[in-house]
Every structure is written in structure tokens, then in C-alpha cells.
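Please have the sequence and the model side by side before reading on. The paragraphs below are meant to be followed residue by residue.

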Amino acid sequence: MTVQTRIIFAICYIILAPFVIGLLDGFDRKVSARMQGRKGPSVLQPFYDLKKLFEKEFLTANKAQLFMVKSYLCFILLSGVLFFAGFDLLMVVFSLSTAAMFLVLASTSTHSPYSSQGTHRELVQMMACEPMELLVAVGFYLAMGTFKVSEIAVNSKLGVMYLPGFLVGFIFILTIKFRKSPFDISTSHHAHQEVIKGVTAEMVGKEYAYVTLAEWYENAILYGIIGLFFINSNPLSIIGVVVAILCVWFLEILIDNTSARVKWQLMLKLAWGVTIVAAGMNLFLLEMIKG
Amino acid sequence: MSTIHKSPWLLHYDGSSCNGCDIEVLACTTPVYDVERFGVINTGNPMHADIFLITGGINSQNASVVKQIYDQMPEPKVVIAVGTCACTGGIFKECYNILGGADTVIPVDIYVPGCAARPESIIDGVVKGIGLFKEKAAALEAKQKAQ
Ligand code: SF4
């Protein structure tokens, strides 16, 4: 990959990701509403919400919070640029966890009982997801012999053929990452109580807008990783990538609408259980094949 | 053009109501009435809310709570009193602990009468509230520009 293509991909990510993910979010709300027998809002609703949040008065209990929130967004952006410009997958995972630490710092900076509760839950969520995220990077390395996204993407092998267990495990933790029911524990998009709003409970106006934006950028990376399982040197594999991403997107909406929130203990057990079984077996088989 | 009115997030607080009006407010979010088509989200967090929907009267215990919720909401914001209790104190008006309607502690913009207020009239109130929300946003913007 030349420097120019890297820069072009990075710029495309920064400009396009919010539009694409925002729109997916809009369709998400529409499809969810239809599943519940409602008409639902316009597909542009997420953009209206974001714009309004920027226009609202900014009240805050601690000025430092805004700085933390902005740092959160910056680190997510950095991770995305690293990923889409084809750098090291392991670096992307580490940079994402650094970003998550800033979210935790932001939510603890106000001493509100609701955000403290949310922060604890967020930390548990991180604990549930992180092993699988790391293992995905390791899996790609074992299957493709490289951590570089640019090399994985043009490999003659198709990731999903070698890493089906990793894909299953990754899709499982995506429900946690997307903050979808049954794992919308630290903060939820359907929050009728302050405690459910958790980490974002104290984020007002533009702060909440930045967090939403960061979430969109992060989701773009996560969908990108799904895509990485389906891409290879054949240009036609792009179709497979798009289809796979849309299938995962729909699956997450379906899960969101058909399940009730669980306790964090169960979430942790399930996430680690799936990680150990699915990724562990896959890892074992991969080693066997390589002999 | 401002699109602020397309995203009114709603906070519902139950004062000392009989729960009749609360059930009707919740009915608005069900498939039959579906207020989400106007972009309304029923949030539980005053800091994220634009429209404060209050049912039931004010008593000596919840007066400070209502006041605090109102203060925590960032500008621009709209207050809607739903049901006769929230408008005037209703059938509880003469009770020893009741101070009166929501307007005894915070400024109310829109009154939705009825015992219980019907979902149709609540939605009417919310739609009026959304109109007012847009006006208040424009006024706030003009004020900020003038500063
Ligand atoms: S107005 Fe009627 S229905 Fe509504 S809270 Fe008061 S008594 Fe109950």
C-alpha cells in the first residue's frame, strides 16, 4: 500500500464513517419500529438528534469532562485511521482500549451516582469484550501470517474459512460493543431511567454529541473488522463484505428487539464462555492444520 | 435551517397523580399512537431532555424534586402539564399536602386538560410543545448572537 492510498483511505474514513453509520442507525430505528408494529422516525433522525445536541445549552459539573470526551473521540479516530489506512490490527485494538479508558475517566469525573454505576458496568463490559478483540487480531496473525490490515485485505485466503469460530465470538461481543439489548448494561439507547443511561448520564449537549459521534466512528471500525473476515485479493469479495456487514447489522437489530437486558454477571459468563469455546476451538484447529 | 424541533426528547415525571395520566402518557409510545415518528425519545435523564412532561399535582415533598429536574434541563426547554392535576391540582387540590398544579413551582408552557388526559390530546400538547421548542431555540440563538 502506498502512502497516498493510505492517506486517501484515512480521509475517506474520517469523512464518510459518520454518514454511513448514522444512516445505518437511522434504518436501525426504522426497522426496529417496524418490528414493534410502529411507523418509526425518519431515517435521518440520528442526524437531527446529533445536530440538536450541538445546539443545546452546555451545562457541566466538571469542565474536565469535555476534555476527556474529546480525547475519547480523538483516540477512536486514531484507531479508525490506523485500521482503514491498513496498519497493524493489534495497534487498532490497543488504541481502542485507550479510547475506552477516556470514556471511563469522563464518566467518573462528575461523581454522579448514575455515572459511577454506569462506569462500573462499562468496566465489566470492557472486561467481557477485550479478550475476544485481542484474539481476533491473534487469529488473523495465525491464519494470514501478518497483523497488517493492508496485507490481510489482499491475502489470497478468505479469513472466514480459517476463522469461523473467531467470527462467531466477535459477532457475539458486537452486541455488547453496540450497546444493544440484552447487553446494554452500561448505557442504553432505550433509557427510560437515569441509571440505565449510565456512563452518558452526566453528558450534556455537545458532550453527548461527541460521544455519539465517537460511537459511530467506533462502529465503523467494528464493521470493518467483520469485513476483514470476508475480503481477499479477489475484487468481487467486496460484495461478500457488504452482504456480511448488512447481515450482522440485521442480526444485531433482531437480537436487540427480541431479548431483555441481563445482569452483568451473566453477560460476563456468556461473553467469556463464547470466547473460550468458539475462539479456543478455532485456535486449536488452526494449529492442527498448520501441524 | 434549524432542525432542532425534529428531535424533541421527552422526560416524564409523575407528581402526585393517580397514575391515570401516566398510563396515558405511556400509551403515546405504543404502536397505536407512536410518538417516536416525530423523533420523540422517552428519556429518563433530565440532562438529555428537551420537553418536561409532568403529570399529577405538586405536593410539599415533590416540589423540590420538580424544581431540581427543571433546573437540570439545558436550554431551550418546554414544560407541558398533562392532566387536570398537573394543571391545577385537580381532585386532590383541597388535600392538606397539595400545593397546586405544576406552575406553583416551575413555569409551565402548555396545559393539557383532561382527567385522564387522552393520548390524542397529549400528542396535541406535545406537537404544540415542539412548535414552542423551535421558537425558544430561535430566541436563544438570537440572544447568543447578540452577546
Ligand atoms: S388528572 Fe385525573 S387521571 Fe390524571 S392524574 Fe389527576 S386524577 Fe389521575
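What follows goes from the ligand shell to a helix of chain A and then to the contact between the chains.

The model is a predicted one, and a good place to begin is the ligand, which is surrounded by B:Ser17, B:Cys18, B:Gly20, B:Cys21, B:Thr84, B:Cys85, B:Gly114, B:Cys115 and B:Ala116. Two elements of chain B, α1 (20-27) and α3 (84-88), each give two or more residues to this shell. By character, the shell residues divide into five nonpolar and four polar, with no charged residue among them.

In chain A, helix α5 runs over residues 113-144, and its 32 residues reach 46 Å from the first C-alpha to the last, close to the 46 Å expected at 1.5 Å a residue. The N-terminal end of α5(A) is capped by A:Ser112, which has a side-chain oxygen 3.1 Å from the backbone nitrogen of A:Tyr114. Further along, α5(A) bends by about 30° at A:Cys129, and a proline, A:Pro131, follows within four residues of that position. After the helix comes A:Gly145, with a positive phi near 75°.

The two chains also meet each other, in a contact that takes 31 residues from chain B and 28 residues from chain A. Between them an area of about 2,400 Å² is buried, 51% of it given by carbon and sulfur atoms. On the chain B side, the residues that lose the most area to chain A are B:Glu36, B:Met47 and B:His48, which together account for 22% of what that side buries.

How values were computed:
Residues numbered from 1 in each chain as written. Chains lettered and ligands numbered in written order. Predicted model: local features only at pLDDT ≥ 70, side-chain atom pairs only at ≥ 80, totals over all residues. Heavy atoms only, no water. Near = heavy atom within 4 Å. Nonpolar A, V, L, I, M, F, W, Y, C, P; charged D, E, K, R; others polar. Expected span 1.5 Å × (residues − 1). Bend = angle between axes of the 7 residues up to and from the residue. Polar contact = N/O pair within 3.5 Å; in protein donor to acceptor, adjacent residues only side chain to side chain. Contact = heavy atoms within 4.5 Å. Buried area = accessible area lost by both parts, 1.4 Å probe.
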